[in-house]
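This report walks a newcomer through one structure, starting from a single residue and moving outward to the elements around that residue. Please look at the sequence and the structure below before reading on.

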Amino acid sequence: MTPVIETRNLVKQFRIADGFLWRRPKRLMAVDHVSLMVRRGETLGLVGESGSGKSTVGNCLLRLLKANSGRVLFNGQDILSMKESDFHRIRGKLQVVFQDPQSSLDPRMTVQKIVGYPLRLQQGITGRSLEDRVMAVLKDVGLQQEHVDRYPHEFSGGQRQRIGIARALITGPEFIVFDEPTSALDVSVQAQILNLIGGLQKAHGYTYLFISHDLAVVRHISSRIAVMYLGSVVEASPKRQFFSNPCHPYTKALIASVPRPDPLHRQNLAILHGDVPSPLHIPTGCRFHPRCPEVMAICRKTPPPHVAVGNDHWVDCHLYT
């Protein structure tokens, strides 16, 4: 299946001031040679601890952040090398739903203006045609005619996230980044939003990158899953293999740390010892080796190889060489 989005050796660094004018700024490696692909009509779940670089990858995919190097291919075209005028023509095909609906919606704009603005900006549609398109997409996300003239503060968190989803859908995108869209919502509302996202995908064939730290959520929504640790992807596989046969020690620890709500199947929760190293001082060799329970001497010196361990399943780990 042809990938809608593909990254090749994507790198993003941030310059961090040291606090002293005479010292050179440090470089924080947020995304380190990440290569991923999302096939048409599927959902790739991107998981990892806070600060692992997940949201930075999503922002670089959409050119919201400028990558230092690498390529991002949308339907085979490298969008990072495009001129702004050329990228503007396909901007509507790449959309995002942000984590916090409260801060991502303009409090001074009505729902009509919030949802319709991208379409007016991208395609120049105005008047009755714009109003009809806005109403159609609001209906798709479960909102009504009575909501169009209200402001964001008049809605619940779940309703605000529906408005954010409608804003992303209005331009008819092919690829949507969901950046932890349910983390600020109650559990019951999370389920509603996840079911909405899945239903829209089945109805319209959207392609998603779903960023989250919650494995239970990712398991519900994703077709394939990739794991990031300290700016690098350490494992990627189809969902079934990911949970039935995790290979990387970090992946195993993540899965084992999820409690099961079943008193008849108790388990000992895994505990990862130590803290995530600073991205300003990434460990040599395998970046997970200071916390790895299966660490070997080679792990401390040599970066791990990229190893295929199954159909569409690969891992960066010395244990599989």
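## From one residue to the sheet

Leaving aside neighbours within four places in sequence, Ile-165 is in contact with Val-97, Val-141, Phe-178, Ile-193, Leu-196, Ile-197 and Leu-200. The model in which these contacts are found is a predicted one. Ile-165 belongs to the largest nonpolar core, which has 35 residues, and together with Val-115 it has the most contacts inside that core. At least two residues of this core are supplied by each of H4, helix H5 (127-140), H6, S7, H7, S8 and helix H8 (215-221), and the largest share, six residues, comes from H7. A second core, separate from this one, has 33 residues, among them Val-4, Leu-36, Ala-67 and Val-96. As background, nonpolar side chains tend to be buried together in soluble globular proteins.

Two of the helices that supply the largest core, H4 and H6, also pack against each other: the axes of helix H4 (residues 111-123) and helix H6 (residues 157-169) come within 7 Å and cross at roughly 30°. Angles under 35 degrees count as roughly parallel, and H4 and H6 are therefore roughly parallel to each other. On the H4 side the contact is made by Val-111, Ile-114, Val-115 and Pro-118, and on the H6 side by Ile-163, Ala-166 and Arg-167. Of the residues in this contact, six are nonpolar, none is polar and one is charged.

The strands deserve a separate look. Eight of them form an open sheet with mixed pairing, in the order S6-S7-S8-S3-S9-S10-S12-S11. Strand S6 (94-97) and strand S11 (306-310) stand at the edges with a single partner strand each, so one side of each is left without a neighbour in the sheet. From one strand to the next, the twist averages 20°. Within the sheet, strand S3 (residues 43-47) and strand S9 (residues 224-229) run parallel and are joined by four bridges, with Gly-45 standing opposite Ile-225 in S9.

Two helices that meet this sheet are set out in the table, each with the strands involved and the angle to S8.

| Helix | Strands | Angle to S8 |
|---|---|---|
| H1 (residues 54-61) | S3, S7 (175-179), S8 (207-211), S9 | about 150° |
| H7 (residues 187-204) | S3, S7, S8 | about 155° |

Helix H7 thus appears twice in this account, as a helix lying across S3, S7 and S8 and as the source of the largest share of the largest core.

Definitions and conventions
Residues numbered from 1 in each chain as written. Predicted model: local features only at pLDDT ≥ 70, side-chain atom pairs only at ≥ 80, totals over all residues. Heavy atoms only, no water. Axes fitted to C-alpha atoms, helices over the stretch in contact; angles between N-to-C directions. Parallel < 35°, antiparallel > 145°, perpendicular 65-115°, else oblique. Contact = heavy atoms within 4.5 Å. Nonpolar A, V, L, I, M, F, W, Y, C, P; charged D, E, K, R; others polar. Pairing = 2+ DSSP bridges. Core = buried A, V, L, I, M, F, W, Y, C linked by side-chain atoms within 4.5 Å. Buried < 20%, exposed > 50% of the residue type's maximum accessible area, 1.4 Å probe, protein only.
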